[in-house]
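Trainee: Could you take me slowly through one part of this model and explain how it sits against its surroundings?

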Amino acid sequence: MIGLGLGFSVSALSFLAGNVISINGYALSGWYGVWTVTLALGAAGFCFGLIWALVFKALGEAARR
C-alpha cells in the first residue's frame, strides 16, 4: 500500500508540475505515466514485502529447531 501511495503522489506531483515522466528513455506523459509509475512502485513494494515475509518465515522455522 505504501508503494502505491508513494508512486501515485510523486508521479501526480510531477505531472501537475508539467514534467514528463521518463522511464528507460521512454516518455510517459499525462495520467498514463502517473498510473504506470504507481503500478510499478506498487508491484515493487509487494515483491519487497513478499521477500521479507519469506525471510522472516525461514528465520522462524530455523529458531524452532
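Mentor: At 1.5 Å a residue, with the expected span taken as 1.5 Å times one less than the number of residues, the 15 residues of helix 1 (residues 2–16) should span 21 Å, and the end C-alpha atoms are indeed 21 Å apart, which agrees. Helices (H or I, at least four residues) and strands (E, at least two) are DSSP runs, numbered from the N terminus. This is a predicted model, in which local features need pLDDT of at least 70 and side-chain atom pairs count only at pLDDT 80 or more, while totals for chains, interfaces and linings use all residues. Residues are numbered from 1 along each chain as its sequence is written, and side-chain values use heavy atoms, with hydrogens and water left out.

The buried residues of helix 1 (buried means under 20% relative accessible area, exposed over 50%, partly exposed in between, with a 1.4 Å probe and protein chains only) are Gly3, Gly7, Ser11, Ala12 and Ser14. They cover an arc of only 160 degrees around the axis, so they lie on the same side of helix 1, the arc being that of the directions from the helix axis to the C-beta atoms. An α-helix has 3.6 residues a turn, so residues three or four places apart point the same way. The face turned away from the buried side of helix 1 carries the exposed residues Ile2, Leu13 and Leu16.

The buried residues of helix 1 pack against strand 1 (21–23) and helix 2. Thr38, found in helix 2 (residues 30–64), is buried, with a relative accessible area of 4%. Leaving aside neighbours within four places in sequence, Thr38 is in contact (heavy atoms within 4.5 Å) with Gly3, Leu4, Gly7, Phe8 and Ser11.
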